[in-house]
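Please look over the sequence and the model shown below before reading on. The briefing that follows takes up the sheets, the aromatic rings and two buried side chains in turn.

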Amino acid sequence: MLDIQAIRKDFPILGLKVYDKPLIYFDNAATTQKPTVVVEKIRDGYYNVNANIHRGVHFLSQAATEAHEEARRKVQQFINARYSHEIIFTRGTTEAINLVASTFADAFLSSGDEVIISAMEHHSNIVPWQIQAAGKDIAVKVVPVDEKGELCMDAYRRLFSEKTKLVAVAHVSNVLGTVNPVEDIIATAHNHNVPVLIDGAQAVPHMRIDVERLDVDFYVFSAHKIYGPTGIGALYGKEEWLDKLPPYQGGGEMIASVSFEKTVFNELPFKFEAGTPDYIGSTAFAEALRYVEGIGMERIAAYEQELLRYATEKVQSLDIPVRIFGRAGHKSSVLSFLAGDIHHYDMGMLLDRLGIAVRTGHHCAQPLMQALGIEGTVRASFAFYNTKEEIDAFADGLERVIKMLTKR
Ligand code: PLP
């Protein structure tokens with residue numbers, strides 16, 4: 001289906017050796033590698049198009065402005081938003097959630113109100129709400145996760161009250177890989193007239209997202225997790241909500257006029273983009289989206305599912321009891337596990353010496369670790385440039401580490 005060897009040539013870093021071993025990069029949920037077209041786009045931006053945008057009358061400034069706005073239209077089209085002004089460029093998922101938490105709280109939350117999140121959230125979708133909760137006496141309610149790693153939807157439905165003002169949950173868990181039933185989550189919230197923010201950081205790289213079809217109010221994600229540059233991401237917000245929210249930061253670009261008596265804020269999307277935006281990053285972000293579209297999201301999803309199935313089988317057939325965290329029916333290509341009583345950190349360190357990059361620890365989801373009763377896991381996360389041969393080498397590596405660390 002996919003010509004993986006040809007695809008791998010698009011990612012020069014995959015040819016690296018570490019400790020004299022071929023790099024096996026299984027830390028894609030943390031960040032993905034970048035294809036040459038993305039790196040070239042950044043280079044080309046600085047060499048040929050660089051000028052500050054939206055302000056200049058000169059040629060370069062207009063070219064850079066057009067490139068940035070074209071990038072916005074690309075993001076809009078990629079997630080099927082209605083208008084390009086519903087796309088706000090942010091520094092990433094984290095800043096996008098902070099933007100919504102802060103401005104939504106300013107406009108709509110007061111003492112006694114409630115926000116619903118889930119037990120499988122990344123810290124990025126917990127702490128911003130806690131900050132608002134502490135300042136305004138707001139309660140953060142948590143949807144529990146069952147033993148398979150799925151959200152308890154009955155408990156979710158029971159959490160709603162007159163005081164519920166917003167739901168904010170992950171589309172896909174970065175630890176468990178669980179793909180949450182966001183259609184149901186959104187429809188349930190809307191039945192209570194409650195808007196929904198979906199953290200799409202781990203979903204956008206793996207499946208086609210259609211914000212119109214989802215009818216979601218806010219959807220956020222990071223470019224670097226979908227083969228784009230670091231330091232940029234997107235907040236999608238329905239026009240009706242973005243119009244109602246106050247600005248997040250003050251500064252240049254977000255104003256229509258300023259005097260010491262009165263400042264008039266700019267229209268969408270500029271109201272939320274104070275200061276010089278990352279107009280080089282935005283064009284490289286759009287290039288990454290074009291790149292994955294060129295391969296095809298459906299084909300990417302199918303191949304990654306095959307990698308996940310293969311890796312899960314391999315890990316389960318190790319010569320030691322293995323606990324896999326995340327056994328949802330609908331999962332993305334994330335495999336979190338613990339082998340015997342081997343500490344996740346030891347496992348990660350020794351795999352690293354074999355050239356295999358996995359993540360270990362709490363994965364910025366400490367409340368989930370507490371719910372699972374563990375300190376951390378080993379997490380292998382796969383992208384479409386990974387191969388079954390790499391998974392074989394990973395399984396061999398695991399066997400070696402297990403032999404080294406267990407006395408038999
Ligand atoms: N949400 C989820 C589910 C994530 O996996 C991550 C990053 O791992 C984030 C939010 C934060 O993304 P960023 O650090 O790019 O802002």
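**Two sheets, a ring cluster and two buried residues**

Strand β14 (residues 334–339) and β17 run antiparallel and are joined by 4 bridges; helices (H or I, at least four residues) and strands (E, at least two) are DSSP runs, numbered from the N terminus, and two strands pair if DSSP finds at least two bridges between them. The model is predicted, so local features need pLDDT of at least 70 and side-chain atom pairs count only at pLDDT 80 or more, while totals for chains, interfaces and linings use all residues. Residues are numbered from 1 along each chain as its sequence is written, and side-chain values use heavy atoms, with hydrogens and water left out.

**The sheet of 4 strands**

- The open sheet that holds β14 and β17 has 4 strands in the order β13-β14-β17-β16, and its pairing is antiparallel.
- Because β13 (322–325) and β16 (359–361) stand at the edges with a single partner strand each, one side of each is left without a neighbour in the sheet.
- Neighbouring strands of this sheet are turned by 30° against each other on average, direction ignored, where axes are lines fitted to C-alpha atoms, for helices over the stretch in contact, and angles run from 0 to 180 degrees between N-to-C directions.
- Within the pairing of β14 with β17, Ser-336 stands opposite Arg-379 in β17.
- Helix α11 (residues 297–316) packs on this sheet and touches β13 and β14, its direction making about 5° with that of β14; contact here means heavy atoms within 4.5 Å.

**The sheet of 7 strands**

- A further open sheet has 7 strands in the order β4-β10-β9-β8-β7-β5-β6, with mixed pairing.
- Its edges are β4 (87–90) and β6 (139–143), each with a single partner strand, so one side of each is left without a neighbour in the sheet.
- From one strand to the next, the twist averages 20°.
- Strand β9 (residues 218–222) pairs with strand β10 (residues 233–237) in the antiparallel sense over 5 bridges, and Phe-221 stands opposite Ala-234 in β10.
- Helix α3 (residues 59–78) packs on the sheet, where it touches β4, β9 and β10, and its direction makes about 115° with that of β4.
- Helix α7 (residues 182–191) also packs on the sheet, touching β7 (164–170) and β8 (196–199), with its direction at about 160° to that of β8.

**Aromatic rings and charges over them**

- The count comes to 18 aromatic pairs, under the rule that rings of Phe, Tyr and Trp (its six-membered ring) pair if their centres lie within 6.5 Å, with planes under 30 degrees apart counted as stacked, over 60 as edge-to-face and the rest as tilted.
- The pair of Phe-11 and Tyr-291 is edge-to-face, because the ring centres are 5.7 Å apart and the planes stand at 80°.
- This pair links distant parts of the chain, since Phe-11 is in the loop between α1 (4–9) and β1 (17–18) and Tyr-291 is in helix α10, 280 residues apart.
- Both Phe-11 and Tyr-291 are buried, a term that means under 20% relative accessible area, whereas exposed means over 50% and partly exposed in between (1.4 Å probe, protein chains only).
- Phe-11 also forms an edge-to-face pair with Phe-384, at 6.2 Å centre to centre and 70° between the planes.
- Phe-384 lies in the loop between β17 (377–381) and α14 (388–405), 373 residues from Phe-11, and both of these residues are buried.
- Ring pairs link Phe-11, Tyr-227, Tyr-291, Phe-384 and Tyr-385 into a cluster.
- The charged end of Lys-244 sits over the ring of Trp-241, 4.4 Å from its centre, by the criterion that NZ of Lys or CZ of Arg is within 6 Å of the ring centre and within 35 degrees of the ring normal.
- Lys-388 lies over the face of Tyr-310, at 5.1 Å from the ring centre.

**Two buried residues, Glu-273 and Ser-282**

- Glu-273 lies in the loop between β12 (263–265) and α10 (279–295), and this residue is buried, with a relative accessible area of 4%.
- The side chain of Glu-273 reaches the backbone nitrogen of Phe-89 at 2.7 Å, a polar contact being a pair of N or O atoms within 3.5 Å, of which, within protein, one must be able to donate a hydrogen and the other to accept it, and residues adjacent in sequence count only if both atoms are side-chain atoms.
- Not counting residues up to four places away in sequence, Glu-273 touches residues including His-68, Arg-72, Phe-89 and Glu-253.
- Ser-282 lies in helix α10 and is buried, with a relative accessible area of 0%.
- The side chain of Ser-282 reaches the backbone oxygen of Tyr-279 at 3.1 Å.
- Ser-282 touches His-68, Ala-71, Phe-89 and Ile-232, not counting residues up to four places away in sequence.
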